[in-house]
Amino acid sequence: MTPQRTTRPAGRGLRAALAVGVLLLFLAACGRGLPQNTFEPAGSRAERALELYWLVFWIAVGVFVVVEGLLVYTLIRFRRKPGRETPVQIHGNTRAEIIWTIIPAVILAGIAVPTIGTIFDFARDPEGDPMSIVVTGHQWWWEIEYPDLGIVTANELHMPVRQPVLLHLTSDELPNEVEGVSPVPVIHSFWVPRLSGKQDLVPGRTHLLPLDAQEPGVYEGQCAEFCGISHAMMRFQVVAEPREEFDAWVEAQRAGATAPAAGTLAAEGAELFQSFSTPAGGGSCMACHGLRGVEGAEARVAPDLTMFGARRRLGSGVFQNTEENLRQWLRDPRAMKPGAFMPDYGLSRDQVEALAAYLRSLDGGAPVP
Ligand code: CUA
């Protein structure tokens, strides 16, 4: 008996520690103001999804209370006591079997009505004539094109607030044929939890996803389908802004890359951007990156940089777009983002400084937020 007495408290301590750990895990999910909190929806689809969630949640709470209540009542009412007879066994009782088959079936059928209704509503073509935005998933970044506006950008999707847009989602179909760059066709998934549910981006197909934001703001999104080593670093932001701000952004994008003043460090960077060649004799930065308005910079292999200086993040929505992060990226992209297709070009310190100055000057006249 003695050994038992000494081991029991230790086992209890372990169990208590486990219980606290599990409780902390649950509590961690209760944080507020988190950027991807589906309990704070700001888009009409996310709101509909949350309404369904609460409906099912409260029905489940009702079922739990009734079932557990009956169980606890039975445990107490019929607990073994000296002299008490065993209660009547009702195994195989047809009436009871029918009742507890029918009740869950009715509950499930009841839940199916609004669920299927929502699925059909979501599948319906959006009303009116929403602005189309083509989103193409690449390893590991997002190309964002506004065909009607003649704009291509990356990783930061701007849209007017309270005005639905229609996303045409697709994925890189063919491997890019640029030296050292070989992304493969894979499936990605577009997800902005506060605005809408997920939608896959499949090579060679186009999926539609209507999107709207009811409040102005910057909404965090991410790829939600494993797509390779930097899947977790395939993030993006949706910027929902008042119409005038969106129009100003469009104008700045269409005006093209800001030309740096002669004699500045940024001008040196611009020169380097066009003339730089890789040690293997490969093309300049323009072999992959596009800059609207700059002759020869039409490539769409890598993110368009026309207004890079005004973007909030770099490396596909992952790192703050600060001078230091940008320098670090230029020095060795793969050290920041494993598997990035942009290699370490062995740029000198001066080259990094000049390119960073140039890229940061590409803000379309808008200061970095
Ligand atoms: Cu793209 Cu995961």
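**Reading strands, cores and helix pairs**

Me: I see that S5 and S8 pair in the antiparallel sense, over five bridges. Which residue in S8 stands opposite Leu-169?

Reply: That's His-207. Keep in mind as we go that this is a predicted model.

Me: Fine. S5 also pairs with S1, I think. Is that pairing parallel or antiparallel, and over how many bridges?

Reply: Parallel, over seven bridges. Two of the partnerships are easy to find on screen: Met-131 is matched with Val-165 in S5, and Gly-137 with Ser-171 in S5.

Me: What is the strand order of the sheet these belong to?

Reply: Read it across as S3-S2-S1-S5-S8, an open sheet of five strands with mixed pairing. An edge strand pairs on one side only, and here those are strand S3 (151-154) and S8. On average, neighbouring strands are turned by 25° against each other if you ignore direction. Helix H4 then lies across S1, S2 and S3, and runs at about 100° to S3.

Me: How many residues of S5 are buried?

Reply: Six of its seven, so call the strand mostly covered.

Me: There's another sheet, right? What is its order?

Reply: S4-S10-S9-S6-S7, again an open sheet of five strands with mixed pairing. Its edges are S4 and strand S7 (199-201), each with a pairing partner on one side only. The twist from one strand to the next averages 25°. H4 shows up here too: it packs on this sheet by touching S4 and S10, and its direction makes about 130° with that of S4.

Me: And how do the strands at the two ends join on? Which residue of S7 faces Phe-190?

Reply: Phe-190 has Gln-199 opposite it in S7. Strand S6 (residues 188-191) and S7 run antiparallel, joined by three bridges. At the other end, S4 and S10 pair in the parallel sense over five bridges, with Val-238 in S10 as the bridge partner of Leu-157.

Me: How do I read the two faces of a strand? Which residues of S4 sit on which side?

Reply: The general idea is that side chains in a regular strand alternate between the two faces of the sheet. In S4 that puts Glu-156, His-158 and Pro-160 on one side, and Leu-157 and Met-159 on the other. Both faces are covered, and five of the strand's five residues are buried.

Me: Next, cores. How many residues are in the largest nonpolar core, and which have the most contacts inside it?

Reply: It has 38 residues, and the best-connected ones are Ile-133, Val-135, Tyr-146, Leu-157, Leu-167 and Phe-190. Elements giving two or more residues to this core include strand S1 (131-138), strand S2 (141-146), strand S5 (165-171) and helix H4 (243-255). H4 supplies the largest share, four residues. There's another core apart from this one, with 27 residues, among them Ala-257, Phe-273, Ala-356 and Tyr-358.

Me: Take Ile-133. What does it touch beyond its neighbours within four places in sequence?

Reply: Its contacts include Ile-144, Tyr-146, Leu-157, Val-165 and Leu-167. Glu-145, His-158 and His-168 are on the list as well.

Me: Now helices. Which residues of H5 are buried?

Reply: First the rule: a helix has 3.6 residues a turn, so residues three or four places apart point the same way. In helix H5 (residues 265-275), the buried ones are Ala-266, Ala-267, Gly-269, Ala-270, Leu-272 and Phe-273. Helix H8 (349-361) is part of what covers them.

Me: And how do I describe H5 against H8? At what angle do their axes cross?

Reply: Packed helices are described by the angle between their axes and the distance between the axes. For H5 and H8, the crossing is at roughly 100° and the axes come within 7 Å. The two helices are therefore roughly perpendicular to each other. Residues meeting there include Ala-266, Gly-269 and Phe-273 in H5, and Ala-354, Tyr-358 and Leu-359 in H8.

Me: What about H6 and H8? How far apart are their axes?

Reply: 9 Å, with helix H6 (residues 323-331) packing on H8 at an angle of about 125°. That makes H6 oblique to H8. The crossing is right-handed. Look for Leu-326, Leu-330 and Arg-331, among others, on the H6 side, and for Val-352, Leu-355 and Ala-356, among others, on the H8 side.

Conventions. Residues numbered from 1 in each chain as written. Predicted model: local features only at pLDDT ≥ 70, side-chain atom pairs only at ≥ 80, totals over all residues. Heavy atoms only, no water. Core = buried A, V, L, I, M, F, W, Y, C linked by side-chain atoms within 4.5 Å. Buried < 20%, exposed > 50% of the residue type's maximum accessible area, 1.4 Å probe, protein only. Contact = heavy atoms within 4.5 Å. Pairing = 2+ DSSP bridges. Axes fitted to C-alpha atoms, helices over the stretch in contact; angles between N-to-C directions. Parallel < 35°, antiparallel > 145°, perpendicular 65-115°, else oblique. Left-handed = near helix turned anticlockwise from the far one by under 90°.
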